[in-house]
Protein chains: 2
Amino acid sequence: MDNKKISGSGPQSPPERPTLKTIAFMTGLGITTVSRALKDAPDIGAETKERVRMVARQLGYQPNRAGVRLRTGKTNVIALVLSIDEEIMGFTSQMVFGISEVLAGTQYHLVITPHSHSKDPLVPVRYILDTGSADGVIISRTEPDDPRVRLMDERGLPFATHGRTDMGIVHPFHDFDNEAFTHEAVRALVAKGRRRLALLQPSSKLSYYAHTRIGFQIGLHEYGAEEIPLRVTTDAPLADIRDSVEALMRSSHPPDGIVCSSGGGAIAVNAGIEAAGFRLGRDIDMVAKQSTDVLNWIRPEIITIYEDVRHGGRELAKAVIARIDGIEPELLQSISSPVWPKS
Amino acid sequence: MDNKKISGSGPQSPPERPTLKTIAFMTGLGITTVSRALKDAPDIGAETKERVRMVARQLGYQPNRAGVRLRTGKTNVIALVLSIDEEIMGFTSQMVFGISEVLAGTQYHLVITPHSHSKDPLVPVRYILDTGSADGVIISRTEPDDPRVRLMDERGLPFATHGRTDMGIVHPFHDFDNEAFTHEAVRALVAKGRRRLALLQPSSKLSYYAHTRIGFQIGLHEYGAEEIPLRVTTDAPLADIRDSVEALMRSSHPPDGIVCSSGGGAIAVNAGIEAAGFRLGRDIDMVAKQSTDVLNWIRPEIITIYEDVRHGGRELAKAVIARIDGIEPELLQSISSPVWPKS
DNA sequence: CATTCGTACTGTATCGTTACAGTTTTGCTC
DNA sequence: GAGCAAAACTGTAACGATACAGTACGAATG
């Protein structure tokens, strides 16, 4: 608001934030020289660079972001596009923490770009493109044919997705191996003697729906089990999940094992099971994926597999930055494996 | 990176992002006039303003943030200072969602400024002050005598805190009424015939420790109950909480009621109770504060009180913005009451 | 010795915006 | 009709950084 600058415009008043001008004045060099020295340009003498760097460090110089951004277009911002709709288990926090951890060691700031997933998902992406407000973007809830991916790819905006796509575009991503998860989950249930398995799966719009299904079905086939279909998805309100599961349990042909693709869902599934008068570990077993360890605390009978979302955040952050730096996208793809509990 | 500008520097190539220059060219006015017209300055003719606004809307003009920031120092950024240490129940997500909701209707962007709460808490605040990277700041984990508050107040940086302070500085805040919470919790437990009450309280460094204690003690006195001291705090690892509670339950004088200041803690407390062979609702009752409704799902016997953190985020965002706009801090303080479940 | 070259450094213009100090036009006063 | 004020508009400089096109100067070249 009110500039407390001590009138005199020269760089002689120390409490002000140092700029290139300040350093130029102190070293007796030109502003350009200072700028290039700090960038380690080849046409600056070694000794000069040293001197400039010393003074810069001494003054605690930090380039003015607005200046850089205006001149070069580089924002030093990574945008995380977030759905702000209800979410129970703190998935988002973990993602944010992971990204923050990586960005903390860089010049990048993390900007949260919210959107409601009832609205057009392209809105935030278009905003970023139109205003040039970020150097890179991280998105989640990726779909097999994702319009956001198409748009960003087309416009050359670096990005990384949480989840894969299947549209012939090679781009950075990080994903959890949901196929391995459901596959192993089936194996674990069959090992416990369960044969009639239900699956609480993600919305069929999302990319990992297919992986989830494939692993499940291969598992069924391989280990000789049958599917008891469950109609709700992980996106449904918890009350709906509970009700569906309760109904299924009360049906004539209830499952004796259930695989659950989300931690929040698992809680509702458990409630449904208990509401129908069944007990985990006795009448039925459950394998659930979770991103925190709450489930183990509330029903140790639930077999849990851990998805390290914080690690996912770190990978995604590293991937966008690498992409911004021009690394080829095929080198920036990673899939993390399900982690079984230690015991 | 590579500017795809179509060489010719005039404003005649439409696909480029429009600037004041573009509008000036299209209206035949000067850049200054356009700038002032869009700001509704008094020295611009009404008809001109109208014309400029029309063209601006038509072009989808959005002021270049870097330009504004460089010239005026206004960043249009609100920084949320976040502890990225473990957190179980998605408290952070809710806060972020609430803030985002409010900022979405403004020019402000939300930047996450992480820090580890083992490090000096002043680091992120100093960074923001030194680099002028935000117009306003939101902090949490407020302490009664909080050095961050002192620093920001001293330097005139607008901010709002989640939690009150007690240091003679009047500043915007939003808080949950923890005193009412513990007070009512005690009443609820006594109403169930419980008299020997334990309290899982926050770290004594935090502001709401005192409120929590006061409400609890007034409650004890008013309703005639005694405290069974519990040594751990909500900040302790869940395993420690469980062990402490288990030990307490096995002691010669175990509590028959417990008040729990955090949802994550409640899960561990419950585990401790059960590990000692007791059962909620039969041998002991628990009242817990939570910011999601997980607890109701996992142990309906837990009496829960809801803290609407998302609403807290909204309040904080509105408060910082109002403070930036010069509203007096005493008008920007709010406390939200405990919400009992509907039933 | 004049020319060329390479090294090390510098000045100017520019990104988009706004503060400030004008300028022009019109209308009014005396 | 000279003088003045208000209304409406405009040009220039500046914020801090960098791209680009220089300049100065000593050393190598022919």
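Contact, as used here for packing, means heavy atoms within 4.5 Å. This briefing concerns a predicted model and covers two topics: the protein surface near DNA strand C, to which helices of chain A and chain B contribute, and helix H1 (residues 20-27) of chain B.

**Surface near DNA strand C**

- Around DNA strand C there are 23 residues, and those that come nearest are A:Thr32, A:Thr33, B:Lys39, B:Tyr61 and B:Arg71.
- By class, this surface has 11 polar, 8 nonpolar and 4 charged residues.
- Helix H2 (31-38) and helix H4 (65-72) of chain A, and likewise helix H2 (31-38) and helix H4 (65-72) of chain B, each supply at least two residues of the surface.
- H4(B) provides the largest share, 4 residues.

**Polar contacts and the DNA backbone**

- Sugar or phosphate accounts for 56% of the atoms of DNA strand C within 4 Å of the protein, and bases account for the rest.
- The side chain of A:Thr48 places an N or O atom 2.7 Å from a phosphate oxygen of DNA strand C.
- The side chain of B:Ser35 likewise has an N or O atom 2.7 Å from a phosphate oxygen of this strand.
- B:Asn64 instead uses a backbone N or O atom, which lies 2.8 Å from a phosphate oxygen of DNA strand C.

**Helix H1 of chain B**

- At the start of H1(B), a side-chain oxygen of B:Thr19 comes within 3.1 Å of the backbone nitrogen of B:Lys21.
- Within the helix, B:Thr22, B:Ile23, B:Ala24 and B:Thr27 are buried.
- The buried residues of H1(B) pack against H2 and helix H3 (46-59) of chain B.
- Just after H1(B), B:Gly28 adopts a positive phi of about 80°.

Key
Residues are numbered from 1 along each chain as its sequence is written. Chains are lettered from A and ligands numbered from 1 in the order in which they are written. This is a predicted model: local features need pLDDT of at least 70, side-chain atom pairs count only at pLDDT 80 or more; totals for chains, interfaces and linings use all residues. Side-chain values use heavy atoms; hydrogens and water are left out. A residue is near a molecule or strand if one of its heavy atoms lies within 4 Å of it. A polar contact is a pair of N or O atoms within 3.5 Å; within protein, one must be able to donate a hydrogen and the other to accept it, and residues adjacent in sequence count only if both atoms are side-chain atoms. Ala, Val, Leu, Ile, Met, Phe, Trp, Tyr, Cys and Pro count as nonpolar, Asp, Glu, Lys and Arg as charged, and the others, Gly among them, as polar. Buried means under 20% relative accessible area, exposed over 50%, partly exposed in between (1.4 Å probe, protein chains only).
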